[in-house]
Amino acid sequence: TTNNRAYNFNAGPSALPLEVLEKAQKELVNFNGTGMSIMEMSHRSKDYEAVHNEAIARLKKLYAIPENYEVLFLQGGASLQFTMVPMNFLQEGKKASYILTGVWSEKALKEAKLFGEPVISASSKENQYRNIPTSNEIKFDSDDAYVHLTSNNTIYGTAWRDFPDTGDVPLIVDMSSDIFSKAVDISKFALIYAGAQKNLGPSGVTVVIIRKDLLEKENTNIPTMLKYSTHADANSLYNTPPTFGIYMLGEVLKWIENQGGVPAIERNNVEKAGLIYDVIDNSKGFYKGHATEDSRSFMNITFRIADEELEKQFLAEAKEAGFVGLNGHRSVGGCRASTYNAVPFEACKALADFMVEFQKKHQ
Ligand code: PLP
């Protein structure tokens, strides 16, 4: 590539914008003339607090988050949210509905069983998680504690187009692999959570967007650190936050702003993924997409080559040609290209061209 940067299609952690990495490199040992790295500063210092508050403010602005929501920076990854959600909002003997669209939703369901009685609302497991359930397949009860779903299924390459209307039942969403990839109407959700390491920064920060009224429904007899209100009341500074990760997240948000905000990012993502889906669709069956067309993700493109030996060769040749991270998730195999926000158009174009050439050579 032109700048010694790999064509990085890793599913997570994933590519970060080059401009952000270069800025962080420049500021690494002396942030803002302080003579210290941002990593070496007190999280109670003015310099750090400015970074922290600016990241929260920019996140709210760029994602058009209404006033009645809090933005939190937590730790423990999206996986700890699988636990925190039911620990805070599900009571013994109470029900919550879980929509299963892949392994991550299964993991969320498993944790909920420790606290209450989660019910499977709909599932596409029988169809190898190739699709997103339609709205008339989704069942939930008006007195469910909440409905939980995964907006983008990193492993299977499927994504929700339209979210179900759950009325007064809080809708809780794991947005780990498509947060900030497209515009969403935040007011549909009671709680959104996402590990930062795909679209927003390095691993170590988990973003939570929570509607304030939900905080009042939280269970009381639970550990302080695992309560949302602890972090909401302290502006995510109850204890030492992952300061470097939050700084990086703030820089990624500035980059998104400079790209033209979420609408511009969304247009780019549709175009980037389109390059690769077009190759699959025009390959006369040489490449087979895993997801059904109406459930396709613009973040993770999953496909197979019918001949297993040829698929191995594809992955080997792609690696040789400098493409990183194209192996499917270890649980499903096949191929997967993750085209998150920071993956440049140029990398997607190069992959699309490579796929066309590979087919020509081996068909
Ligand atoms: N949810 C989804 C949709 C994911 O893609 C991932 C990780 O890839 C996780 C949850 C787990 O996230 P973490 O590693 O931050 O716990």
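I count two residues as being in contact if their C-beta atoms, placed from the backbone, lie within 7 Å. With that cut-off in hand I began my notes, keeping in mind that the structure is a predicted model.

**Entry 1: Ile179**

I looked up Ile179 and found it in the loop between β8 and β9. Is Ile179 buried or exposed? I counted 26 other C-beta atoms within 10 Å of Ile179, and because the cut-off for a buried residue is 20 or more, Ile179 is buried. Setting aside residues up to four places away in sequence, I noted that Ile179 touches Ala194, Asn199, Leu200 and Val207. For one of these partners, Leu200, I also looked up the C-alpha separation from Ile179, which is 8.0 Å, although the two residues are 21 residues apart along the chain.

**Entry 2: the strands on either side of that loop**

I turned next to strand β8, residues 171-174, where Leu171 and Val173 lie on one side, Ile172 and Asp174 lie on the other, and all four residues are buried. I reminded myself that in a regular strand the side chains alternate between the two faces of the sheet. Which strands pair with β8? Strand β5, residues 147-150, pairs with β8 in the parallel sense over four bridges, and β9 also runs parallel to β8, joined to it by three bridges. Val173 has a place in both pairings, since I found Leu149 opposite Val173 on the β5 side and Ile192 as the bridge partner of Val173 in β9.

**Entry 3: strand β2**

I then examined strand β2, residues 69-74, and noted that six of its six residues are buried. Tyr69, Val71 and Phe73 point one way from β2, while Glu70, Leu72 and Leu74 point the other way. The partner I looked up here was strand β10, residues 206-211, which pairs with β2 in the antiparallel sense over six bridges. Within this pairing I found Val71 standing opposite Ile209 of β10.

**Entry 4: Lys198**

The UniProt record, an unreviewed entry, annotates Lys198 as "modified residue: N6-(pyridoxal phosphate)lysine". In the model I located Lys198 in the loop between β9 (191-195) and β10. Why does Lys198 count as buried? Lys198 has 30 C-beta neighbours inside 10 Å, and because 20 or more are needed, Lys198 meets the cut-off. Leaving aside its neighbours within four places in sequence, I listed Gly12, Ser14, Ser176, Ser177 and Tyr340 as the contacts of Lys198.

**Entry 5: around the ligand**

I next listed the residues around the ligand, which are Gly12, Gly77, Ala78, Ser79, Trp104, Thr150, Thr154, Asp174, Ser176, Ser177 and Gly195. By class, this shell divides into two nonpolar, eight polar and one charged residue. Which helix gives the most to the shell? That is helix α3, residues 77-89, with three residues.

**Entry 6: the annotated binding site**

Under "binding site", the unreviewed UniProt entry lists Ala78, Ser79, Trp104, Thr154, Asp174, Gln197, Asn239 and Thr240. I checked how these residues are spread, and they span 163 residues in sequence, with the farthest two C-alpha atoms 30.9 Å apart, so they do not all gather at one spot. I looked at two of the listed residues in turn. Ser79 is in helix α3 and is partly exposed, with 16 other C-beta atoms within 10 Å. Asn239 is in the loop between α6 (228-233) and α7, and with 12 C-beta neighbours inside 10 Å it counts as exposed.

**Entry 7: the whole chain**

Last, I stepped back to the domains: the chain is divided into domain 1 (20-258) and domain 2 (261-362), and 27 Å separate their centres, taken over C-alpha atoms. How many residues does each domain bring to the contact? Domain 1 gives 24 residues and domain 2 gives 23 residues. On the side of domain 1 that touches domain 2, β6 (152-153), β7 (158-159) and α7 (243-259) each supply at least two residues. By class, I noted ten nonpolar, nine polar and five charged residues on that side of domain 1. The unreviewed UniProt entry places its own feature, "domain: Aminotransferase class V", at residues 7-347, and over that stretch I noted 33% helix and 17% strand, with the end C-alpha atoms 5 Å apart.

Key
Residues are numbered from 1 along each chain as its sequence is written. This is a predicted model: local features need pLDDT of at least 70, side-chain atom pairs count only at pLDDT 80 or more; totals for chains, interfaces and linings use all residues. Domain bounds come from an automatic or database domain assignment. Ala, Val, Leu, Ile, Met, Phe, Trp, Tyr, Cys and Pro count as nonpolar, Asp, Glu, Lys and Arg as charged, and the others, Gly among them, as polar. A residue is near a molecule or strand if its C-beta atom, placed from the backbone, lies within 6 Å of it. UniProt positions are given in the numbering used here, feature names are shortened, and annotations may be inferred rather than shown by experiment. Two strands pair if DSSP finds at least two bridges between them.
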